[in-house]
Amino acid sequence: MVGAEAQVLTVILWLIALKILQISIYPLLRPTLGEIAYPLSYPLSLLAFTLFSWYAGLLHLPVQLAALFFLLLGSVMLIRKEYVPEDLKRNLRWDAVFLAGFLYLLEIRFFNPSISFAEKFMDHAFLASVMRNPVVPPPDPWFAGGDLSIYYYLGHWMAGALGITIGGESVVVFNLMLPTVAGMAVVAAAALGYLLIPRYFYLPAAVLLIPNPAAVWHLIAGTPVDVLPWESTRVITGTITEYPLFSFFWGDPHAHILGIFNQILFITLCMVLYLGYGDLSLRSRYVLALLLALSLGTMPGVNSWDVLLYAPFYCLIALLTGIRYAGWDLRGWLPLLSVPPLSILLYAPFLAAIEGAGILGVGIVPEGSSLVEFILVHGFFLAIFLMYGLKDLSRYPWLLALPLLGLLTGYGAAGLAGMVLLLLAVRRSGRPEEILGMAGLAVIIFCELIYLKDNMGEFYYRMNTVFKFSMVAWVMMGLSTTIIIGRWLSRQTWPCALPPWAVRSALAAGILFLIVIPPFTPLTYGYATQTLDGSAWLQEAHPGDAAAITYLRSLDGDLRIIEAVGEGYSYAGRISSFTGIPTILGWQGHELVWRSNEDGWYGRRIADVRSIYQDPGRSLPLLEEYGITHLIVGPLENERYRVHLPDEGLILVFEADGTLVYEVAP
C-alpha cells in the first residue's frame, strides 16, 4: 500500500512536472497564439511530451529523456530572458483555471479511488504494463506474448511515461489521469471562451459539468440516487451515451474520456485558424499547422474514433479558411494542406503497427432511436439551438416537415436533428459557434442513420458507434451552445445589475456546492477508501492477493504469470492488472473483441490454462510453451479449477492469506 506521504509527494511532483512542460514551450507559442498561448501550452506541452517519450520507447531509450528535453528548452528560454515577471503574473489566472479542474477531479478521485469496477482493471493493466516495461509497443498484460498494438493505448502511455519520470506508483498515477484530463480540458475550453466570448470566457468549461436531460428526469422521477447516473447513460436502447460529468465521477480513465481535452484543444486551434489565419505571418501559419497536426495526429493513438470525425472537421475548417484568406494564392494554402499528411507522419510507426480487429464495415441503422430517448440525451442542446434559430424557423416553416418525414420513415430523431442543423445553416453567418453546432448535429444524425460494424454482437450492433461518437457530439454541441449563451449575455443590458458582493456570494456558493458533492457521490459502490492508492481496498477485501501483488511488483525482469481466466468486468485478471506482468489470458471477451479469433487462440488458451491447473502431466510443458515464470494459486483459482499441480518443477516462493505464488523452476 502506498503511504499518505508518498501520495502527497507524487501529486506535488506530478504538478511540478506538468508546470515545467508548460512553461518551457510557452515562449515558443506566444508569437502564434497570442493571448491564449499560455493556457494552450498546458495541453500542447503534454502532447509534445507524449510524442517524444513514445519515440524514446520505440528506440528503447529511457522515457525520461523527453522530460530532459523540456528542462533544457526551459533553460534556454530562461537564458534568453523570455520570461517576463509582469507577463507571468498576468497569466497566473490560467494556472488557477488549470488547477481548478485538476484539484476538483482529484477530490473526486480521493473519495472514489478504487481500481475495482467497470473497465478499471483493464485501464490500470495498460498503465501498469507501460510503467513496468516502457517500450513500444508495450506488452499486452492480458495476452502473454502479445502487445498492445491491438488497442489505442497512447493515453495510458501519456500518463505512464509521466509517472515513470516522477517516480510514482501506477496505483496512484491511475488516480491522477482524470484530474489531469480535467485540468487540461478546462483550460483549453476557457481559452476558446477567451477567443470568442472574452467577458464570459469560463462558460465553455461548463460542457464538462452539465448533466444530460435524462439525469434531470430521473432526479424528478425519484430514481434512487445510486443508480441514477448509470440510468442516465443507458437511455437509447442498445447503446451507451456517456457525458463528461458522468465519466469523471465514474472514474474509469478509458480512451473516450482521456481524449476529451485534446478534442477541445483541437477545436480551439481550429478556431484560431479560422478567425486569425489572415493576420499570421507565414512562419506562424506553419507553426499553427504543426500544432494542429500534433493534436490531430495524437487522436488515433488515444481514441481512434475521435480522428474519424475530427479529420473531416479539420478539412471543412481548412477549406473555409483557405477560401476566406488564401484565395488563389498557393502559398496561403500550403500550411493548411500540410496538416493531414504531417499528422500521419508524426505517429506513422504507431499507425503502421496497429493490428486490432478494427472496423469490419459500414451498416445502415434499421430503425432510429425513439424520439423521447433522443431528447433525453441531447435535449438541452437542441433547445438552445431552437431558441437561437426561432426567427429563422418563421421564415422557413417548411423545415417543420423534416421531423414529420422522419417520424413517418422511422427516423424521427434524425429528422428533428436535421431540422435544427438547417436552422443554423440558413443563417449563413459563418460564426464559429454555428459551425461547431452544425458539426455536432451532423454527428448525431450520422449515428441515427449509419453505424460502423464491429464484433460487439447483434443487440449492441451500434453501441460503439453511438458511445464513442456521442461524446464528440457532446463536446461540439456543448461548446457551441455555451458560446451562444455567452454571446446572449454579452449583449444584455441589465436594468438592475447585481452588486459585486452578490455576484461573489453566488459564485462562492456554487463552488462550495461542487466541493461538497464528491464525499456523497453514489458512484463508489462500497469501494470508497479516501486515498489516492487505487489498490488500497484490496488490503481488506483480498489480503492474500494484495500481498502477492506487492511481492510480484518488487520483482524485476521479463516475467510472465498465469492466473484464472475470466469474463470482463469481473475480478479475473486482477494480478496481471495490478502488476502489469503479462498473463496467458485475462479478460477473455475483451481480447476476443480486440484480436478476433482467426487462428483459434481463444479456445486454445482457455483450455491450456485449465490444463495447467488441473493436469499435472501437461502443466510444465505448457508453462514452458508460454514462457511463464510464476504461477498464482489463490481463492479465485481454487474456485474456478480443481487445482492439481505437479510435484516437481514449481517452487513455492510466496504465501499469504490463502494466495500462493510458485516460481517455475528453470
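This briefing covers the overall build of the protein chain and then four of its helices. The model is predicted. The chain holds 30 helices and six strands. Its radius of gyration is 26 Å, close to the 26 Å that the globule rule gives for 666 residues, so the chain is as compact as a globular protein of that length.

**Overall dimensions and burial**
- The C-alpha trace spans about 85 × 70 × 55 Å along its principal axes.
- Of the 666 residues in the protein chain, 59% count as buried.

**Helix α1**
- Helix α1 covers residues 4-33, which makes 30 residues.
- From first C-alpha to last, α1 reaches 40 Å. That is close to the 44 Å expected at 1.5 Å a residue.
- A kink of about 50° interrupts α1, and its centre is Pro27.
- Gly34 comes just after α1 and takes a positive phi of about 60°.

**Helix α2**
- Helix α2 runs over residues 37-58 and has 22 residues.
- At 1.5 Å a residue, α2 should span 32 Å; the C-alpha atoms at its ends lie 30 Å apart, which agrees.
- Pro43 marks a bend of about 30° in α2.
- In α2, 19 of the 22 residues are buried, so the rest of the structure largely encloses this helix. Buried here means under 20% relative accessible area.
- His60 follows α2, and the phi of His60 is positive, near 60°.

**Helix α8**
- Helix α8 takes in residues 170-196.
- Its 27 residues should span 39 Å at 1.5 Å a residue, and its end C-alpha atoms are 39 Å apart, which agrees.
- α8 bends by about 25° at Leu176. A proline, Pro179, follows within four residues.
- Burial covers most of α8: 25 of its 27 residues are buried.

**Packing of α5 against α8**
- Two packed helices are described by the angle between their axes and the distance between the axes.
- Helix α5, residues 92-111, packs with α8 at an angle of about 145°. The axes of α5 and α8 are 7 Å apart.
- The crossing of α5 past α8 is right-handed.
- By class, the α5 contact with α8 has 17 nonpolar, four polar and two charged residues.

**Bends in brief**
- Prolines sit at two of the sites described above: Pro27 at the centre of the kink in α1, and Pro43 at the bend in α2.
- In α8 the bend is at Leu176, with Pro179 following within four residues.

Notes: Residues are numbered from 1 along each chain as its sequence is written. This is a predicted model: local features need pLDDT of at least 70, side-chain atom pairs count only at pLDDT 80 or more; totals for chains, interfaces and linings use all residues. Side-chain values use heavy atoms; hydrogens and water are left out. The expected span of a helix is 1.5 Å times one less than its number of residues. The bend at a residue is the angle between axes fitted to the seven residues ending there and the seven starting there. Buried means under 20% relative accessible area, exposed over 50%, partly exposed in between (1.4 Å probe, protein chains only). Axes are lines fitted to C-alpha atoms, for helices over the stretch in contact, and angles run from 0 to 180 degrees between N-to-C directions. A crossing is left-handed if the near helix is turned anticlockwise from the far one by less than a right angle, and right-handed if clockwise. Ala, Val, Leu, Ile, Met, Phe, Trp, Tyr, Cys and Pro count as nonpolar, Asp, Glu, Lys and Arg as charged, and the others, Gly among them, as polar. The radius of gyration is taken over C-alpha atoms; the globule rule is 2.2 Å times the number of residues to the power 0.38.
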